[in-house]
Amino acid sequence: MPRIAIAGFQHETNSLSPVMTDLAAFEMADSWPGLLTGEDVITQTRGMNLPIAGFAEAARAAGADLIPILWCAAEPAGHVSDTAFDEIAGRIVAGVHAAGDIDMLYLDLHGAMITQSDADGEGALLVRLRAEFGSKLPIGVSLDLHANVSARMVDLADTICIFRTYPHLDMAETGARAFARLMACFRSGRPQKAFRKADFIVPLHAQHTGAEPARSLYARLYDDAAAHVELALGFSAGDTPDRVPSVLAYAQTQGQADALVETTFAALNEARGFFDTTLLDAGEAVRAAMAHSGRGPVVLVDVQDNPGAGASSDTTGLLRALVAAGAGDVLMGLFHDPTLAARAHEAGTGAEIEGALGGRSGVRGDSPFAGNFHVEALSHGQCRYTGEMYGGGTATLGPSAVLSPIGTGIRIVVTSIRNQCLDLGHFAHFGLDPAAARIVCVKSTAHFRAAFEPIAATVIPVASPGLFPCRISPLDPAGPLASV
């Protein structure tokens with residue numbers, strides 16, 4: 001069996017975020033483990049819903065000899081510093097050299113990394129690897145469904161596999177598919193490729209694969225032992241011309257690859273006008289939630305302040321709308337405010353503190369929410385994930401608290417480390433039951449759906465101020481993000 005070097009380097013870059021992503025961001029544990037090296041790449045991700053875990057499991061089951069180099073991911077934010085990119089890319093190159101005689105290389109990447117110097121971070125990494133190891137080394141890559149796929153990436157990788165679900169419930173499965181495709185390259189030679197990019201943008205909240213048209217687009221992707229089609233819907237907050245949907249195909253002949261791409265590309269263009277981009281303003285969404293009489297909570301989704309897409313997770317527009325409407329029996333999370341969380345820990349459970357929550361990220365039209373807060377619960381922030389998305393993993397939230405603005409029926413989970421609210425464990429960790437609340441507010445875009453939709457009476461996406469714009473029509477993929 002072959003010797004395969006494996007590594008992972010993931011970042012989804014939001015060009016509007018003022019927060020530079022440095023080396024420490026990749027070293028820190030948050031939703032996923034901190035930077036891993038050597039055998040820890042396998043042992044510390046085993047059983048998790050991660051591409052590298054799925055690849056390793058499939059490879060080990062097949063008897064392959066794996067040489068793990070490193071794996072790291074940073075919470076989405078602004079551009080990756082050149083220092084961080086050079087350090088991590090350099091360690092991957094050095095690790096491949098140290099691996100000696102290898103037959104293949106697998107890379108667990110995201111596909112939407114932007115560095116200070118290169119709008120195509122993954123392409124830049126592949127350029128370095130090809131410069132060091134030449135064109136003969138088979139390289140397989142897995143990418144996120146939101147990848148901004150470049151022609152350079154397609155040209156330099158021998159095979160690419162892309163997630164097919166959003167929420168990303170198939171990350172480990174995609175890694176296993178990547179192993180099978182890389183083995184096919186090893187045994188039968190490199191496939192022929194075809195690649196097409198669309199000329200429009202799909203906002204992330206409209207990319208949910210549990211709804212049309214994304215559900216049908218992914219269900220119909222061609223996939224057999226000899227050929228497969230991959231579809232990425234793009235990451236709109238990455239300010240690059242590649243932030244559009246793209247279609248890739250791999251087959252034994254160029255004619256078949258071209259034909260497969262054209263079939264899916266035609267279906268993608270036909271679906272263009274059917275993506276549901278509906279968003280309600282905060283006040284309208286809160287009124288709709290309060291008027292709803294169905295069983296289960298109404299889930300209000302603060303899509304434009306999703307830290308999982310590089311937003312600050314601290315904007316207060318939806319909170320203000322809830323307070324103004326007199327909404328009660330509300331759970332809200334996750335607010336990123338390390339200063340207020342620290343004050344709550346100093347005061348202790350049951351105390352009342354005065355302060356200002358959030359609103360410090362410079363988002364236009366946003367400001368801190370000042371008032372008095374009751375400290376209902378405290379935690380040091382090691383929160384076990386319970387849902388399908390990240391089940392088996394641990395969220396590192398830092399010192400955290402449940403705070404309730406005095407005179408309201410709103411309870412807010414406040415953390416010291418940014419973390420997307422996508423798991424019931426984020427509330428249950430504090431003894432809170434989202435299923436029993438009247439309204440649940442989450443700072444997420446679609447990943448929350450896997451855990452929260454089963455308990456929800458209805459879900460309402462909300463347009464409130466944030467660093468992740470989802471109202472991006474008319475669509476202009478070539479224009480700067482500042483114009484949308």
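Is threonine 174 buried or exposed? In this predicted model, threonine 174 is buried, because its relative accessible area is 0% and the cut-off for a buried residue is under 20%. Helix α7, which spans residues 171-188, is where threonine 174 sits. Beyond the residues up to four places away in sequence, its contacts are with Ser142, Cys161, Ile162 and Phe163.

A look at the nonpolar interior comes next. The largest nonpolar core is made up of 91 residues, and the residues with the most contacts inside this core are Ile4, Ile6, Phe55, Leu268, Val299 and Phe452. Both domain 1 (3-271) and domain 2 (280-463) contribute residues to this core, so the core lies between them. Another core, apart from this one, holds 44 residues, including Ala74, Val93, Leu126 and Met153.

Isoleucine 4 offers a closer view of the 91-residue core. With residues up to four places away in sequence set aside, isoleucine 4 touches Phe55, Ala64, Asp65, Leu66, Ile67, Met104, Leu105, Tyr106, Phe179 and Leu182. Phe55, one of these partners, is also listed among the core residues with the most contacts.

Valine 286 makes a good last stop. This residue belongs to helix α10 (residues 282-291) and is buried, with a relative accessible area of 0%. Although valine 286 and leucine 322 are 36 residues apart along the chain, their C-alpha atoms are separated by 6.2 Å. Leu322 is also one of the contacts of valine 286; leaving aside neighbours within four places in sequence, the others are Leu300, Leu318, Ala321, Ala325 and Ala327.

How values were computed. Residues numbered from 1 in each chain as written. Predicted model: local features only at pLDDT ≥ 70, side-chain atom pairs only at ≥ 80, totals over all residues. Heavy atoms only, no water. Core = buried A, V, L, I, M, F, W, Y, C linked by side-chain atoms within 4.5 Å. Buried < 20%, exposed > 50% of the residue type's maximum accessible area, 1.4 Å probe, protein only. Domains from an automatic or database assignment. Contact = heavy atoms within 4.5 Å. Helix = DSSP H or I, 4+ residues; strand = E, 2+ residues; numbered from the N terminus.
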